[in-house]
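The questions below go with a structure that is shown first, and each is followed by a reasoned answer. Please keep the sequence and the model in view while reading.

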Amino acid sequence: MKKAAPYLILASGVLWGTTGLFVRQYSDKGISSLDIVAIRAMVTVLCMFVFLLCTHRELLKVRLKDLWCFAGNGILSMLFFNLCYFKAMTLTSLSVAAVLLYTAPAIVMLLSRVFFKEKLTKVKLLSVIFTFVGCVLVTGVIGSGTVLSGAGILVGLGSGLGYALYSIFCRFALERGYHSFTIIFYTFVFTMFGTIPLVNLSDIGNVVFSGWQMIGFTLLCGLVTTVLPYIFYNFGLKHVENGKAAVIASVEPAVATLTGVLAFQERLTITGAIGLLLVIGAIVMCQRKG
């Protein structure tokens, strides 16, 4: 499992990168981004509960004194990150919001240094720089003429912080002996209850239950973009340092870009291609021993 850990994290980033395929379909039916967060959380809780109830009931047990790990993951990470990210999209451009989100690997490394005493090596720092520059090029911020606002930058950095906190709270839970399945289930329980007051469940239900095809599509969305990638990421995080894991998972914007090119005929520019190579280079760099 230790040798496979980086590849599991890479697989999680690839699956997260396919989210746009599902978002486009939901958007066409009038479902907002926050609605999608609620849908993914509810599907994850449902799938994980049924799975654990049938196979590993003991993994549903948690200690009350450790609930802060799951609450932190579900509310301070998942919900906070999504709220900041969606707000950043309204205060600045989509590309700038995406770039600010991918300050997360650097934040993860700094927090991991403070909480878990992980070393800040030259390779890690260089890989973070490669990742960030790659994301800048992939998203096309350079030359876009976007006007930046202080509020937009601040909220965008908040999304990066929230995104980074998942690795931190997850590590705390892992060190307390919790199984990855337990962490995922209770994380999304808190995310679900935190999101429900912010969305219109009636509107969501009308879309999701409009037919068997849409029900199947919703279950597939939850499995592909949430359940499986978080399982892979959590298992990988057992054997990979937080900082390296954050860099490896940053393959997500590269996959999202390629998905747009292949599925929606979006144009890949030369700078975007260079950005993809930089992100891939950073991932390879993280795996080198020397």
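Q: Is Cys135 buried or exposed?
A: In this predicted model, the relative accessible area of Cys135 is 1%. Since the limit for a buried residue is under 20%, Cys135 is buried.

Q: How many disulfides does a search of the whole structure find?
A: A disulfide needs a pair of cysteine sulfur atoms within 2.5 Å. For Cys221, which counts as buried at 2% relative accessibility, the nearest cysteine sulfur is that of Cys47, 11 Å away, and Cys221 is in no disulfide. For the whole structure, the number of disulfides found is zero.

Q: Which residues are linked with Asp66 in a network of salt bridges?
A: Asp66 forms a salt bridge with Arg63, where the closest N and O atoms are 2.8 Å apart, and the side chain of Asp66 also meets that of Arg176 in a salt bridge at 3.6 Å, N to O. Both distances satisfy the cut-off, which asks for a nitrogen of Lys or Arg within 4 Å of a carboxyl oxygen. The residues linked with Asp66 in the network are therefore Arg63 and Arg176.

Q: How many residues apart in sequence are the parts that the pair of Asp66 and Arg176 ties together?
A: The side chains of Asp66 and Arg176 meet in a salt bridge. Asp66 lies in the loop between helix H3 (33-55) and helix H4 (67-91), whereas Arg176 lies in the loop between helix H8 (150-175) and helix H9 (180-195). The pair therefore ties together parts whose separation in sequence is 110 residues.

Q: Which residue of the network that links Arg63, Asp66 and Arg176 is buried?
A: Arg63 has a relative accessible area of 39% and is partly exposed, and Arg176, with 34%, is partly exposed as well. At 4% relative accessibility, which is under the 20% limit, the residue that counts as buried is Asp66.

Q: With which residue does Lys124 form a salt bridge?
A: The structure holds four salt bridges, and one of them involves Lys124, with the closest N and O atoms 3.9 Å apart. Lys124 is buried, and its partner is buried too. That partner is Glu118.

Q: Is Lys117 buried or exposed?
A: Lys117 lies in the loop between helix H6 (104-116) and H7, and although Lys117 is not a glycine, its phi is positive, about 60°. Its relative accessibility is 61%, and because the limit for this class is over 50%, Lys117 counts as exposed.

Q: How far does helix H13 reach from its first C-alpha to its last?
A: Helix H13 covers residues 251-264 and has 14 residues, for which a span of 20 Å is expected at 1.5 Å a residue. H13 is followed by Gln265, whose phi is positive, near 55°. The span in the model is close to the expected one, at 19 Å.

Q: Which helices do the buried residues of H13 pack against?
A: The buried residues of H13 include Val251, Pro253, Val255 and Gly260. Their partners in packing are helix H1 (5-16), helix H2 (19-28), helix H7 (122-139), H8, helix H12 (242-248) and helix H14 (270-287).

Q: Which residues is Thr259 in contact with, leaving aside its neighbours within four places in sequence?
A: Thr259 is found in helix H13 and counts as buried at 13% relative accessibility. Leaving aside the neighbours within four places in sequence, the contacts of Thr259 are Gly17, Leu21 and Phe264.

Q: Which helix gives the most to the nonpolar patch on the surface?
A: The patch is formed by Leu46, Phe49, Val50, Leu53 and Leu219, which together have about 400 Å² of accessible area. Phe49, which is partly exposed with a relative accessible area of 38%, has its place in helix H3. With four residues, the helix that gives the most to the patch is H3.

Q: How far apart in space, C-alpha to C-alpha, are Phe185 and Val227?
A: Phe185 lies in helix H9 and counts as buried at 7% relative accessibility. Not counting residues up to four places away in sequence, Phe185 touches Val45, Met48, Phe49, Leu52 and Leu60. Phe185 and Val227 are 42 residues apart in sequence, and their C-alpha distance in space is 9.2 Å.

Key: Residues numbered from 1 in each chain as written. Predicted model: local features only at pLDDT ≥ 70, side-chain atom pairs only at ≥ 80, totals over all residues. Heavy atoms only, no water. Buried < 20%, exposed > 50% of the residue type's maximum accessible area, 1.4 Å probe, protein only. Helix = DSSP H or I, 4+ residues; strand = E, 2+ residues; numbered from the N terminus. Expected span 1.5 Å × (residues − 1). Contact = heavy atoms within 4.5 Å. Patch = residues over 30% accessible without salt bridge, like charges linked within 9 Å, V, L, I, M, F, W, Y side chains within 5 Å. Areas by Shrake-Rupley, 256 points an atom, 1.4 Å probe, with all protein chains shown as cover.
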